[in-house]
Amino acid sequence: MRFKYRISIMNENTLEESWRTHLSRFNVLIFIVSFFIITFILLTLLIFATPLRYYLPGYQDSGNRLTIIQQSLKFDSLEREMNLMNAYLVVLKENIEGNFENREKHALDTVTFKQIASDVLEKTSREAEFVKKYEETEKYNLSAVLSSESEKMYVFFRPVDGVIASTFKPKEGEFGIKIITSPLETVKSIQEGRVIFTGYTFDNEWVIQLLHDNNYISIYKNNQRLMKSTGDYVKAGESIAVTGDKSANSASKYFYFEIWKNGNPINPQEVITFRE
């Protein structure tokens, strides 16, 4: 490898030696390796330091990519806010005009509805026995079945399964009730209606409000996440939110529920049966 060879260039006419050098195989190897390394470095600098890098397949400018992502997120947020505002305006217009007809409303599946009702309003054996005795006693009482033709019967579903921790106290600013629920408990709509408000507050976390027939409004607070958006139509007993949390910091949090009618709060315990 280190044996040297003499390389010379001679003039063909005069046989005069014009140039000569001494090389070995090791020197030739070093020269070839150095040539390829220098060529690679020069090509790399030429590509990445000049606009030629934009012609490489799969190459993207990180600065432009970050800007595109930020603009896309901003556009998505603006589009969502615009859709929510449009839905809110549509619901507000229908309320002002008194038009509560739901164009997206479909016929209820009787079998499915009965299944949901039986799951939500499941009776114990003692309740079933009491109802049976009461029906046997009152079935011949005409006063028990006569009612005004204009009177409409409203049945409210229980929003969550839990134990009441605080009752209705409007004089103390408690316009609803607090309920202790299991972690990640499903929140259900007490009656069919339309969502008129969804939002997040620091005091009550995620809040959702529903407008029902006869000017009933139900408010569900302290939810972990919502499953419906403003303007959505929901059926009675349909899931609308999830409340409760597995973290230790939320141990003092309660599910808060209110019912309003014609601008006045009413006691939820007077129209819905809860566990105490």
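**Strands, aromatic pairs and a nonpolar core in a predicted model**

Beyond its neighbours within four places in sequence, Lys261 is in contact with Asn214, Asn215 and Tyr216. The model is predicted. Lys261 belongs to strand E11, which covers residues 255-261. Tyr216 lies 45 residues away from Lys261 along the chain, yet their C-alpha atoms are separated by 4.6 Å. Lys261 has a relative accessibility of 25%. That value falls between the limits of 20% and 50%, so Lys261 counts as partly exposed.

The protein as a whole has 276 residues, of which 24% count as buried. Its secondary structure comes to four helices and twelve strands. Among contacts with a separation of 6 or more, 56% are between residues 24 or more positions apart. The exposed area is about 20700 Å². Carbon and sulfur atoms supply 57% of that area.

Strands E1 (residues 4-10) and E2 (residues 17-24) pair in the antiparallel sense. Seven bridges join the two strands. One of the bridge partners is Glu17 in E2, which is matched with Met10. E1 and E2 form a hairpin, with six residues between them. Leu15 sits in the turn and has a positive phi of about 55°.

The structure holds seven aromatic pairs. One of them joins Phe156 and Tyr216 in an edge-to-face arrangement. The ring centres are 5.2 Å apart, and the angle between the planes is 70°. This pair links distant parts of the chain, since 60 residues separate its members. Phe156 is in the loop between helix H4 (125-138) and strand E3 (162-166). Tyr216 is in strand E8, residues 216-226. Both Phe156 and Tyr216 are buried. A further pair is formed by Tyr200 and Trp206, with ring centres 5.2 Å apart. Their planes meet at 65°, over the limit of 60, so this pair is edge-to-face. Tyr200 is partly exposed, with a relative accessible area of 48%. Trp206 is also partly exposed, at 32% relative accessibility. Tyr200 and Trp206 belong with Phe202 to one aromatic cluster.

Thr198 is found in strand E6, residues 193-201. Its relative accessible area is 18%, under the limit of 20%, so Thr198 is buried. The side chain of Thr198 makes a polar contact of 3.0 Å with the side chain of Thr230. Residues up to four places away in sequence aside, Thr198 touches Val207, Ile208, Leu226, Lys228, Ser229 and Thr230.

The largest nonpolar core has 21 residues. Tyr220, Ile240 and Phe257 have the most contacts inside this core. Two or more core residues come from each of strand E4 (176-181), strand E7 (205-212), E8, strand E10 (239-243) and E11. E11 gives the most, with three residues. Outside its neighbours within four places in sequence, Ile240 is in contact with ten residues named here in two groups. One group holds Val187, Lys188, Ser189, Ile208 and Leu210. The other holds Tyr220, Leu226, Met227, Lys228 and Val234. Ile208, Leu226 and Lys228 are thus contacts of Ile240, and they are among the residues touched by Thr198.

How values were computed
Residues numbered from 1 in each chain as written. Predicted model: local features only at pLDDT ≥ 70, side-chain atom pairs only at ≥ 80, totals over all residues. Heavy atoms only, no water. Buried < 20%, exposed > 50% of the residue type's maximum accessible area, 1.4 Å probe, protein only. Contact = heavy atoms within 4.5 Å. Areas by Shrake-Rupley, 256 points an atom, 1.4 Å probe, with all protein chains shown as cover. Polar contact = N/O pair within 3.5 Å; in protein donor to acceptor, adjacent residues only side chain to side chain. Phe/Tyr/Trp six-rings, centres within 6.5 Å; stacked < 30°, edge-to-face > 60°. Pairing = 2+ DSSP bridges. Core = buried A, V, L, I, M, F, W, Y, C linked by side-chain atoms within 4.5 Å.
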